[in-house]
Amino acid sequence: QVQLVESGGDLVQPGGSLRLSCVASGRSIAIYPMGWYRQAPGEEREWVASINIDGATKYADSVKGRFTISRANAKNTVYLQMNSLKPEDTAVYYCRWAAYNTWGQGTQVTVSS
C-alpha cells in the first residue's frame with residue numbers, strides 16, 4: 001500500500017517563500033512521475049507542477065518562474081519550492097502519485113498580510 005504525506009504549509013506574507021515536502025511510503029518513487037496539485041476554497045483541484053523520472057519538469061502558467069518541483073529519490077520525497085507567493089496561491093496543496101491513483105492528505109498554504 002502506497003501513501004503520501006505532505007508537510008510545510010503555513011501562513012506567509014505576499015512575496016514570501018515556502019517549501020513543501022511530500023514523503024512517499026510503500027514503494028520507491030524513483031521510477032514514477034510525480035505531481036503537485038492545489039485546491040482553493042470553492043474551486044476545483046488544479047494541476048500545479050510535474051516531474052518525470054529523468055527530472056524533466058512542467059508547470060502551470062500561473063506558477064511558472066516562481067515555483068520549482070524537485071525530487072530526492074533516496075529520501076522518497078518530492079518537493080515544491082514556492083517563491084514570490086501571491087494571495088491567489090492560497091490553497092490546500094496535494095501531492096499525487098498517478099501510477100497508484102494516490103493523493104496525500106494535503107497541506108494548507110495561506111498567503112496574506
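## Salt bridges

Buried here means under 20% relative accessible area, exposed means over 50%, and partly exposed is whatever falls in between. With that in hand, Glu-46 comes out as partly exposed, because its relative accessibility is 35%. Its salt-bridge partner is Arg-38, with the N to O distance at 2.6 Å. Arg-38 itself is buried, at 6% relative accessible area. Keep in mind that this is a predicted model.

Across the whole structure, a search turns up four salt bridges. One of them pairs Arg-66 with Asp-89, side chain to side chain, at 2.7 Å from N to O. Where do Arg-66 and Asp-89 lie? Arg-66 sits in the loop between β6 (57-59) and β7 (67-72), and Asp-89 in the loop between β8 (77-82) and β9 (91-97), so this salt bridge ties together parts that are 23 residues apart in sequence. Both of these residues are buried. They also belong to something wider: salt bridges with shared partners connect Arg-38, Glu-46, Arg-66 and Asp-89 into one network.

Then there's Asp-61, which forms a salt bridge with Lys-64; here the closest N and O atoms are 3.1 Å apart. Is Asp-61 buried or exposed? Asp-61 counts as exposed, because its relative accessibility is 66% and the cut-off for exposed is over 50%.

## The disulfide

The same kind of search finds one disulfide in the whole structure. Cys-22 and Cys-95 are the two partners, and their sulfurs are 2.2 Å apart. Cys-22 is in strand β3 (residues 18-25) and Cys-95 is in strand β9, so the disulfide ties together parts that are 73 residues apart in sequence. As a reminder, a disulfide is a covalent bond between the sulfur atoms of two cysteines.

What about handedness? The torsion about the S-S bond of Cys-22 and Cys-95 is about -85 degrees, so this disulfide is left-handed. Both cysteines, Cys-22 and Cys-95, are buried.

## Aromatic pairs

Moving on to the rings, the whole structure holds five aromatic pairs. One of them is Tyr-32 with Tyr-100: the ring centres are 5.5 Å apart and the planes are at 65 degrees, so the pair is edge-to-face. This pair also links distant parts of the chain, with Tyr-32 in the loop between β3 and β4 (34-39) and Tyr-100 in the loop between β9 and β10 (102-103), 68 residues apart. Tyr-32 is buried at 16% relative accessibility, whereas Tyr-100 is partly exposed at 29%. Bring in Trp-97, and ring pairs link Tyr-32, Trp-97 and Tyr-100 into a cluster.

Tyr-94 and Trp-103 make another edge-to-face pair, at 6.4 Å centre to centre and with 90 degrees between the planes. Tyr-94 is buried, with a relative accessible area of 12%. Trp-103, at 31% relative accessibility, is partly exposed.

## Arg-45 over the rings

Which residue lies over the face of Tyr-94? That's Arg-45, at 3.7 Å from the ring centre. Arg-45 also lies over the face of Trp-103, this time at 4.5 Å from the ring centre. In other words, Arg-45 sits over Tyr-94 and over Trp-103, and these two aromatics pair with each other edge-to-face.

How values were computed. Residues are numbered from 1 along each chain as its sequence is written. This is a predicted model: local features need pLDDT of at least 70, side-chain atom pairs count only at pLDDT 80 or more; totals for chains, interfaces and linings use all residues. Side-chain values use heavy atoms; hydrogens and water are left out. Buried means under 20% relative accessible area, exposed over 50%, partly exposed in between (1.4 Å probe, protein chains only). Helices (H or I, at least four residues) and strands (E, at least two) are DSSP runs, numbered from the N terminus. A disulfide is a pair of cysteine sulfur atoms within 2.5 Å. Rings of Phe, Tyr and Trp (its six-membered ring) pair if their centres lie within 6.5 Å; planes under 30 degrees apart count as stacked, over 60 as edge-to-face and the rest as tilted. A charge sits over a ring if NZ of Lys or CZ of Arg is within 6 Å of the ring centre and within 35 degrees of the ring normal.
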